[in-house]
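Reader: Hi! I'm in my first year and still learning how to read a structure. Could you take me through one part of this one slowly, please?

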Amino acid sequence: MERLVVAKFGGSASGIDGEFVSDIVLRIKQLKQDSKVIAVFSAPLTMHEGKRKSLTDLALYIGRKAEEGAMPDITPIKQSYQKILSLVSDQYKSECQKTIDSFLARATQTFSEAKDKKSFSNEVRSRALAFSGEILMSYVMSYILKSAGLKSDVASYDAWPIITDNNIESTNFLASESAARLGPLEDLVKNNEVVSIGGFIGKTADGVETTYERGGSDRTAADLGILFHKKYDTRIDFEKDSAVVSADPRIVSKELEDITLLSYNEARIAGMFGMKILDPIAIKEILENGVDMPIIITNMKDPSKTTTILRKSDNQNGHPLKIVTGKKNCAILKIESVAAEALLESLEKEKRYSEFVILSPFTKDDIEFTRILFLDADYVKRNERYFLGFDSLATIQYNRGVITLIGDQMWRVHQIVSKASSRIGDAGLNILNMDAQEETSRVIIVVDDSADNIETAIRAVHSERSKITFS
């Protein structure tokens with residue numbers, strides 16, 4: 001079976017105004033030596049008012065201003081693409097310029113529509129983001145790849161392969177509907193070395209523009225892997241600043257270990273609890289569609305350094321405690337278990353929301369209560385009336401943070417909970433809650449989210465990692 005790699009390049013991969021695009025071209029040349037390549041692109045980065053921003057963030061800012069009545073000014077977006085255009089050869093520059101002008105004219109029209117309607121939401125928002133960010137970047141990158149001598153084409157937005165439901169700003173992938181419309185993209189892959197496509201963006205069956213939540217380009221890569229895995233020997237490659245290490249290097253600087261192998265489960269949990277590996281929903285979609293394919297996290301600056309993510313990782317020779325990570329701004333909902341059942345069903349079927357973990361239940365006055373740890377307290381605050389509608393006597397604890405120990409083989413570690421909690425105590429922090437379940441491959445420790453408590457706790461537990469002995 002012919003090989004296919006779905007390679008996702010985030011905004012940081014292209015750099016400020018395309019400063020690292022030449023590295024992307026070099027990397028794609030390496031990948032295409034043994035595989036067809038579908039390259040998924042996020043919106044590029046630029047500098048705006050002295051700060052590094054993605055063009056998606058910049059478009060959201062312009063849209064909000066338009067909603068408030070300001071005339072839309074997309075000059076900073078135009079300037080970024082003009083700089084990236086310099087990387088296109090003279091042979092394709094004029095054609096690429098016309099494409100940029102066409103897309104940005106459509107984006108400007110959409111921002112003006114937001115001003116007139118005094119609303120920057122739903123398909124207006126999705127259309128603006130598509131035309132100014134990911135979709136346009138994929139077209140520009142195709143010209144750059146052609147300029148480098150590669151046989152390249154781009155997935156046309158008129159025949160978009162990622163079909164989603166009608167949740168416009170937080171949409172969900174529809175695999176069967178997408179597979180039915182895959183023909184044009186299949187032909188592009190068959191007839192080219194590289195096909196470029198924008199991430200993050202979808203379309204409903206009726207052609208309405210939709211977007212995933214932030215980080216959605218990871219989901220686009222996963223969705224394409226799902227669609228092609230039976231047609232090609234498919235793998236997904238996320239090109240990043242580094243492969244996976246045993247803690248966030250922005251927090252921990254000592255005794256970091258390269259993690260060469262993870263299971264889907266370990267990677268999903270790590271993503272949920274703060275590690276920038278890949279969007280955990282991407283793994284969830286792969287599992288829900290019954291797909292088993294390797295996911296590679298590649299250090300783009302040194303492609304020899306990789307982390308391979310497999311459905312099942314039987315690496316019992318490695319360290320059983322793979323990752324120590326943490327998450328700020330969490331909340332815990334305590335609710336009667338009977339009411340919790342209805343809430344959880346509503347979250348799954350109506351809200352399509354999954355950024356939470358069910359902790360161990362407890363009983364008080366002969367009534368069983370369920371504890372649900374939400375990993376985004378702001379979401380809970382925005383929807384507090386919704387949550388309390390299931391149980392008016394439920395309680396919500398805000399200002400919570402968690403430290404999480406992750407590893408499918410942690411059952412091999414003697415006294416891991418006591419050692420971790422001891423280290424947190426030694427660091428002067430008070431443990432508010434602890435949840436350790438062998439089946440979940442993780443240990444969760446809850447502390448007060450103030451000052452630098454989470455960072456301190458992560459460093460403290462990680463320092464113990466090298467001293468842990470195995471059973």
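Author: Happily; we will start with the whole chain and then look closely at a group of aromatic rings.

This is a predicted model, in which local features need pLDDT of at least 70 and side-chain atom pairs count only at pLDDT 80 or more, while totals for chains, interfaces and linings use all residues. Residues are numbered from 1 along each chain as its sequence is written, and side-chain values use heavy atoms, with hydrogens and water left out.

The chain contains 17 helices and 20 strands; these are DSSP runs numbered from the N terminus, helices being H or I with at least four residues and strands being E with at least two. Its radius of gyration is 23 Å, close to the 23 Å that the globule rule gives for 471 residues, so the chain is as compact as a globular protein of that length. That radius is taken over C-alpha atoms, and the rule is 2.2 Å times the number of residues to the power 0.38. Of the 471 residues, 55% count as buried, meaning under 20% relative accessible area with a 1.4 Å probe, protein chains only.

Now for the rings. The structure holds 15 aromatic pairs. Rings of Phe, Tyr and Trp (its six-membered ring) pair if their centres lie within 6.5 Å; planes under 30 degrees apart count as stacked, over 60 as edge-to-face and the rest as tilted.

Take Phe 356 and Phe 374: their ring centres are 5.7 Å apart and their planes stand at 50°, so this pair is tilted. Phe 356 belongs to strand β15 (residues 356-358) and Phe 374 to strand β17 (residues 367-374), so the pair ties together parts that are 18 residues apart in sequence. Phe 356 and Phe 374 are both buried.

Phe 374 has another partner, Phe 387, and here the pair is edge-to-face, with 4.9 Å from centre to centre and 65° between the planes. This pair too links distant parts of the chain, since Phe 374 sits in strand β17 and Phe 387 in helix α15 (residues 384-388), 13 residues apart. Like Phe 374, Phe 387 is buried.

Finally, step back a little. Phe 356, Phe 374 and Phe 387 belong to one aromatic cluster, together with Tyr 353, Tyr 379, Tyr 386 and Phe 390. Try finding Phe 374 in the picture, then follow its ring to Phe 356 and to Phe 387.

Key: Buried < 20%, exposed > 50% of the residue type's maximum accessible area, 1.4 Å probe, protein only.
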